[in-house]
Amino acid sequence: MVDLRSDTVTKPTAGMRAAMADAEVGDDVYSEDPLVNSLEERVADLFGHEAAVFVPSGTMGNQIGMRLVCQPGQEVLGDAEAHVVTYEMGAAAAIFGLSTRTVVSTGGVLDADQLIEQVRPFGNWHLTPTAAIAVENTHNRAGGLVQPLAQLEKLYAWSRDAGVAVHLDGARIWNAAVASGVPLSTYGRLADTASVCLSKGLGAPIGSVLVASADRIAEARLWRKRLGGGMRQVGVLAAAGHYALDHHVDRLAEDHARARSLAQRLGVDPATVHTNMVVLDGVAAPMLAEAAKGQGVLISQVSATKVRLLTHLDVDDAGIDRAVEVLAPLL
Ligand SMILES: Cc1ncc(COP(=O)(O)O)c(C=O)c1O
């Protein structure tokens, strides 16, 4: 099988499993798990924030992150294709009482002015005030797009005077940093809260980290516990996270190169490939996915006419060759 459905399908490598097996552990609800504590400090430092909290999933990181900067009855503004409003089961409304409002962007590219002009003020009897703007980098449904730094800078600079917070869904911020050369700390300083995932391209089996100010992270710990995300001897998972940061960040460049090569060989303009995703548009998605599966290549349907192929740790050059061999004749 060549599994190109997602970079979440990666399995822990032998080295990662060894690190997990050797992990020293403690009860993390008592803040006594040394590897969780050091992972939180490490990730907070990487993004230039005061503190961080380890959470089971990117969804929990995003939703708590947004709740920290938006109160019930206020709104989070974001892109119509953002993960936080598309794939998180309406959690902002269902769990936290947050309103969400979206703008339809051009291809998922962040346009600061487009968002800014939609912001609704506090103190007006008629309006739901915009407390936060959510940004996704890389943008999943936009095919792994890296957001333009100038737009992130513009939005953040504006948000300081406006009193609007910025939440970053940085599930694949590592891919953005490797592809663009922009340091993680730069992306970090352009957000008030950021959720980053260890379980996507970095290959850990589970785990995300939410970074923010120390006060906000103290509050995030309450929310995590309330949601049932208080975990115990999870140093075994934090060990996987440390291992991923040690060994699997720089190598994302290989995934990006493979994605470009896959695109080129399937007739897709490689310039449309920013990171580790290839989007095939204008295809009969269900039939293509079914036929490819029959020959051992798994791909993801985004819509009836769009499929998505992701490269990752568990797909090597031979896997790309096999995918091309199967998909090219079907296309
Ligand atoms: C952009 C983005 N944000 C958040 C998530 C949520 O992560 P999780 O599946 O760990 O909840 C994902 C998952 O793929 C994602 O692609």
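**A sheet, a helix and two cores**

In this predicted model, the strands β11 and β12 run antiparallel and are joined by three bridges, with β12 covering residues 306-310. One of the pairings across these two strands links S300 to R308, its bridge partner in β12. The two strands form a hairpin, and two residues lie between them.

The hairpin belongs to a wider arrangement, an open sheet of three strands that follow the order β9-β12-β11 with antiparallel pairing. At its edges are β9, residues 277-281, and β11, residues 300-303, each of which pairs on one side only. From one strand to the next, the twist averages 30°. Across β9, β11 and β12 lies helix α13, made up of residues 285-294, and this helix runs at about 180° to β11.

Elsewhere in the chain, helix α10 spans residues 214-226, and its 13 residues reach 19 Å from the first C-alpha to the last, which is close to the 18 Å expected at 1.5 Å a residue. Which residues of α10 are buried? They are I217, A220, W223 and R224, where buried stands for a relative accessible area under 20%. Viewed down the axis of α10, these buried residues fall within an arc of 110°, and therefore they line one face of the helix. The face turned away from that buried side carries D215, L222 and R226, which are exposed. As for what the buried residues of α10 pack against, their partners are α2 (34-46), β2 (51-55), α3 (58-69) and β8 (208-212). Just after α10 comes G228, which takes a positive phi of about 80°.

The packing of the interior can be followed through its nonpolar cores. The largest nonpolar core has 50 residues, and those that touch the most other members are F54, I173, W174, L198 and V209. Helix α11, residues 235-247, supplies the largest share of this core, namely six residues. For I173, if residues up to four places away in sequence are not counted, the residues touched are F47, N137, T138, L168, L184, Y187 and V196. Apart from this core lies another, of 25 residues, and among them are V2, L262, A292 and I299.

Key. Residues numbered from 1 in each chain as written. Predicted model: local features only at pLDDT ≥ 70, side-chain atom pairs only at ≥ 80, totals over all residues. Heavy atoms only, no water. Pairing = 2+ DSSP bridges. Helix = DSSP H or I, 4+ residues; strand = E, 2+ residues; numbered from the N terminus. Axes fitted to C-alpha atoms, helices over the stretch in contact; angles between N-to-C directions. Contact = heavy atoms within 4.5 Å. Expected span 1.5 Å × (residues − 1). Buried < 20%, exposed > 50% of the residue type's maximum accessible area, 1.4 Å probe, protein only. Arc of directions from axis to C-beta. Core = buried A, V, L, I, M, F, W, Y, C linked by side-chain atoms within 4.5 Å.
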